[in-house]
Amino acid sequence: CKKEGIIPITGMEAYICQDARDTKEKPRHLTMLVQNETGWHNLLKMCSYAHLVGFHKRPRVDYEQVLKHSDGLIFMSGCVNSVMKPDHGEKFFCEDLADQAEVYIEIMPHNHPLQIEWNLDCLEISEDYGIPLVATHDVHYILKEDEESQEVLLAIQRGAKWNDPNRWKFDFHNLHLATADEIIAGFIKQKLPRSIYIPAMKRTVEIARKCSGFQISKQEVHLPLPPSVTGDEFKFLEQLCVKGYYDKIGSLFELEYEQRMDYELSVIKSKGFVRYFLIVWDFINWVKKHSSVYSPGRGSAAGSLVTYLVGITGVDPIKYGLLFSRFINEERIDLPDIDMDIPDTLRGEAIQYLRDTYGNENVAGISTFLKMKARLVIRDVARVFDIDLKEVDTFAKSVDKSVQDAIDLEVEQYQKKCEEIDNNKRDKEREKKKEDIKQQMFHYKHPDVIKHALKLEGQCRGYSRHAAGAVISNESLSDGRQTYLAERGNNIVVGWDMSDCEHAGLLKLDVLGLKTLTVL
């Protein structure tokens, strides 16, 4: 957002129940916006609760949790499926929550009978309880012309065909990011008085200003100390290195080894990575006790003498001329990343060991977000339009980095064939042959597929769990300071992907279970 000159407002549309543990209760909507750091932490706490306790088909939070974590948040009543519906939580929103937090009742300009009727209900509730109205707009896509692409996305999600008259889609239009003039025009169509919607629109801007000062701040890394470490942690690491030298290299310190060890230790200490090395050392020790085979070191970590001396890797970097600076150096701000490969049959036990050692709520997996990449998006959209799979496959295989690349390649091939045809000046059917070639080009033959694929490329398609990544924290990961927790399959994961984990102060461990090591 900042890169594009947009002011970000952080929040979520929550599914809310009176009791999130009751799977029979129908959830309603509640909008929550973050004003400050306290509100951000409270939002994360509710998000963890919604995923781990209240999850039924979707994450759900309840009245008690909202009241408990309302500080630093602004609450709005949501869309037609509002928490404020009389059969649900009118009293909760208008009395209980309004007594302790800033709340607003949303009115929307959509030209739909349900919305028009609900707006009138909102006017009455606002007057009865003295709660201010705010103008909002239900946005599902940015531009008006994106509506059809949104329908294609819904069809992809539900495995539906475009020509199916019963496929699910929105029964009203204009769910784009509307301009102020479009909002006013919508309210005029609803015959709402100007004295109602203009103050409500001004409050939209006021709320935006109240929330625009918050930024998700970069967190410091706080790691626990393994129970096996005693005394001063840096001296403990230093002693492990000295012992490792005598065990692996000899009884007398050679100058090159001594200087390299002292330098590496000083860099590790100055950058605050001592605990990370001790956590990895402790973990590798556990692996050695439970398996005769483990990775001797992969990637840049093999360039560290310290990792070799303490037994994390099995390669002497000085003997093989490997560079420590590829792994850690004083100029780079990157966190260290030691890949730990273990037999795949041992991975479950290994993660459980980390949980037993540092606490169940202090260890979690990492989320991954599946993007609709070039080849995948072509196949997905073509499936909606029921295009022949062989034809789709031929085009999809020509895609390298993006859909546009594949189109450019087809155009380039077409131009070359046209030149060959033009060179044969006696050929009277040159133009017909060119047109025949053009008609066979996928992007020309199936313009709808290409149009929607270009718009949907890069969209998030779903989420999963990172195959190897795990994070360890000195604090409970459900306390809302750094992240929220969710369940992916049978695994508890943090809500962020790898790159966002670092911003949240979560250091990643790579514990990869390899079948190859199991075979060995």
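Start by selecting D339: at 18% relative accessibility, it counts as buried, since the cut-off for buried is under 20%. You are looking at a predicted model. D339 forms a salt bridge with R298, and the closest N and O atoms are 3.7 Å apart. Show R298 too, and you'll find that the pair links distant parts of the chain: D339 sits in strand β7 (residues 339-343), R298 in the loop between α10 and α11, with their positions 41 residues apart in the sequence. R298 is partly exposed, at 37% relative accessibility.

Add D341 to the selection. Salt bridges that share partners join R298, D339 and D341 into one network.

Stay in that loop and click on S291, which lies between α10 (274-290) and α11 (305-309). Is S291 buried or exposed? It is buried, with a relative accessible area of 15%. A polar atom of its side chain lies 2.7 Å from the backbone oxygen of V293. Leaving out residues up to four places away in sequence, S291 touches P343 and L346.

Next, select K455 and D146. Their side chains meet in a salt bridge, 2.7 Å from N to O. This is another link between distant parts of the chain: K455 is in helix α18, D146 is in the loop between β6 (133-135) and α5, and they are 309 residues apart. K455 counts as partly exposed at 35% relative accessibility, while D146, at 14%, counts as buried.

From D146, move on to helix α5 (residues 147-158). Its 12 residues reach 17 Å from first C-alpha to last, close to the 16 Å expected at 1.5 Å a residue. Colour the helix by burial and you'll see that α5 is mostly covered, with 9 of its 12 residues buried. Among them are E147, Q150, L153 and I156. What do the buried residues of α5 pack against? Show α13 (374-384), α18 (447-456) and β9 (460-472) to see these partners. Just after the helix, check G159, which takes a positive phi of about 65°.

For a pair inside a single helix, go to D436 and K432, whose side chains meet in a salt bridge at 3.2 Å, N to O. Both lie in helix α16 (residues 430-440), 4 residues apart, or about one turn of the helix. D436 is partly exposed at 39%, whereas K432 is exposed at 51%. Across the whole model, the count comes to 22 salt bridges.

Now find Q190, in the loop between α6 (180-189) and α7 (194-211). Q190 counts as buried, at 10% relative accessibility. Its side chain reaches the backbone oxygen of M108 at 3.1 Å, and a polar contact of 2.7 Å joins the side chains of Q190 and N119. Other residues that Q190 touches include P109, H110, Q115 and I116.

For the nonpolar interior, select M32, V61, V66, F75, F93 and V494: these have the most contacts inside the largest nonpolar core, which has 55 residues. Helix α1 (residues 37-52) gives the largest share of this core, 7 residues. Zoom in on F75, whose contacts beyond its sequence neighbours include L30, M32, V66, F93, L97 and Y104. Apart from this core lies another, of 51 residues, with Y257, L265, F273 and Y276 among them.

Last stop: the cysteines. C211 is buried at 1% relative accessibility, and C241 is buried at 0%. Why does C211 form no disulfide? Its sulfur is 14 Å from the closest cysteine sulfur, in C1, so the two are too far apart for a bond. The disulfide count comes to 0.

Conventions. Residues are numbered from 1 along each chain as its sequence is written. This is a predicted model: local features need pLDDT of at least 70, side-chain atom pairs count only at pLDDT 80 or more; totals for chains, interfaces and linings use all residues. Side-chain values use heavy atoms; hydrogens and water are left out. Helices (H or I, at least four residues) and strands (E, at least two) are DSSP runs, numbered from the N terminus. Buried means under 20% relative accessible area, exposed over 50%, partly exposed in between (1.4 Å probe, protein chains only). Contact means heavy atoms within 4.5 Å. A polar contact is a pair of N or O atoms within 3.5 Å; within protein, one must be able to donate a hydrogen and the other to accept it, and residues adjacent in sequence count only if both atoms are side-chain atoms. A disulfide is a pair of cysteine sulfur atoms within 2.5 Å. A nonpolar core is a set of buried Ala, Val, Leu, Ile, Met, Phe, Trp, Tyr and Cys residues joined through side-chain atoms within 4.5 Å. The expected span of a helix is 1.5 Å times one less than its number of residues. A salt bridge is a side-chain nitrogen of Lys or Arg within 4 Å of a carboxyl oxygen of Asp or Glu.
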